[in-house]
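Please walk me through this protein model, taking the contacts and sheets before the pocket. Where does one start, and how do the parts fit together?

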Amino acid sequence: MSIKGSCLCGTVTFAVTGQFQLAGNCHCSICRRSHGAAYATWGIIEPGQFQWTAGEDSVRHYETSPGRTRCFCQRCGSPLATTHNGAIGEVVMGCVDDAAGMAPTAHIFVGSRAPWHDITDALPQFDEWPPGMEP
Ligand SMILES: [Zn+2]
Ligand SMILES: [Zn+2]
C-alpha cells in the first residue's frame with residue numbers, strides 16, 4: 001500500500017510507503033502563510049517512508065525553523081512536504097491524489113490560529129503539538 005501525490009502542475013510527484021502515522025490540521029502562522037489558507041493538513045510519516053517519484057530537481061526548499069524546511073514546486077508553488085533534519089517527516093495531504101479513507105484526527109497549533117477562522121468540528125484541539133506527536 002502506498003500513498004501517491006503530486007503538485008498542481010504535475011511536475012513533482014511523490015509516494016509514501018504505508019500509511020500516515022497521524023494526520024492533523026496545523027493552524028500555525030508558518031503553515032497559514034506558506035499555504036495561503038486558514039490551516040494546512042499534514043500527514044505525519046516516519047523517516048524512510050517518503051520518496052520523490054518525479055521532478056525532484058524542481059523541488060525547492062525553504063528553511064522555516066532550524067532543521068525544518070518546506071518543500072515546494074518551483075513552477076506552480078504547491079507546498080508538498082516538510083523535512084525534519086534532512087528527512088521528509090510531513091506530507092501535505094491536500095496534494096495526495098486519492099485521499100479516500102484518510103482524515104485528520106486533531107487540530108494543532110490552535111493557539112496561533114487565524115482570528116477570522118472558527119473551528120466548528122469536534123476534533124480535539126491542541127495549542128501546539130499534542131503530547132508525543134511532534135515528529
Ligand atoms: Zn508544480
Ligand atoms: Zn504548521
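A good place to start is the contact between Glu 90 and Arg 68, which form a salt bridge with their closest N and O atoms 3.9 Å apart. Glu 90 belongs to strand E9 (residues 87–92) and Arg 68 to strand E7, so the pair ties together parts that are 22 residues apart in sequence. A search of the whole structure finds one salt bridge. In general, side chains of opposite charge can pair when their charged atoms come close.

The model is a predicted one, and its confidence is worth checking before going further. The protein chain has an average pLDDT of 95, and 99% of the residues score at least 70. Confidence in the protein chain is lowest in strand E3 (residues 22–26), where the mean is 94, and highest in strand E5 (residues 50–54), where it is 98. As a general caution, predicted coordinates should not be read in detail where pLDDT is low.

Both strands of the salt bridge, E7 and E9, take part in an open sheet of seven strands. The order in this sheet is E6-E7-E8-E9-E4-E3-E10, and the pairing is mixed. Its edges are strand E6 (59–65) and strand E10 (106–108), each of which pairs on one side only. From one strand to the next, the twist averages 35 degrees. Strands of a sheet pair through backbone hydrogen bonds, either parallel or antiparallel. E6 and strand E7 (residues 68–73) pair in the antiparallel sense, over six bridges. Within this pairing, Ser 65 has Arg 68 in E7 as its bridge partner.

There is also an open sheet of three strands, with the order E1-E2-E5 and antiparallel pairing. Strand E1 (2–6) and E5 are the edge strands, each pairing on one side only. Neighbouring strands of this sheet are turned against each other by 25 degrees on average, direction ignored. Strand E2 (residues 13–17) pairs with E5 in the antiparallel sense over four bridges. Val 16 stands opposite Phe 50 in E5.

The remaining topic is the empty space. Rolling a probe the size of a water molecule over the atoms shows where such space is left. The largest pocket has a volume of about 230 Å³. Its lining consists of 16 residues, and those nearest the centre are Cys 28, Ile 30, Arg 68, Arg 70 and Phe 109. Arg 68 therefore appears twice in this account: in the salt bridge with Glu 90 that ties E9 to E7, and in the lining of the largest pocket. Helix H1 (29–35), E6 and E7 each supply at least two residues of this lining. H1 gives the most, with three residues. By residue type, the lining divides into eight nonpolar, five polar and three charged residues.

Definitions and conventions: Residues numbered from 1 in each chain as written. Chains lettered and ligands numbered in written order. Predicted model: local features only at pLDDT ≥ 70, side-chain atom pairs only at ≥ 80, totals over all residues. Heavy atoms only, no water. Pairing = 2+ DSSP bridges. Axes fitted to C-alpha atoms, helices over the stretch in contact; angles between N-to-C directions. 1 Å grid on protein atoms, 1.4 Å probe; cavity = no way out; pocket = protein on both sides within 12 Å on 5 of 7 lines; lining within 4 Å. Points joined across faces, edges and corners; volume = space filled by probe spheres on them. Nonpolar A, V, L, I, M, F, W, Y, C, P; charged D, E, K, R; others polar. pLDDT = per-residue confidence, 0-100. Salt bridge = Lys/Arg side-chain N within 4 Å of Asp/Glu carboxyl O.
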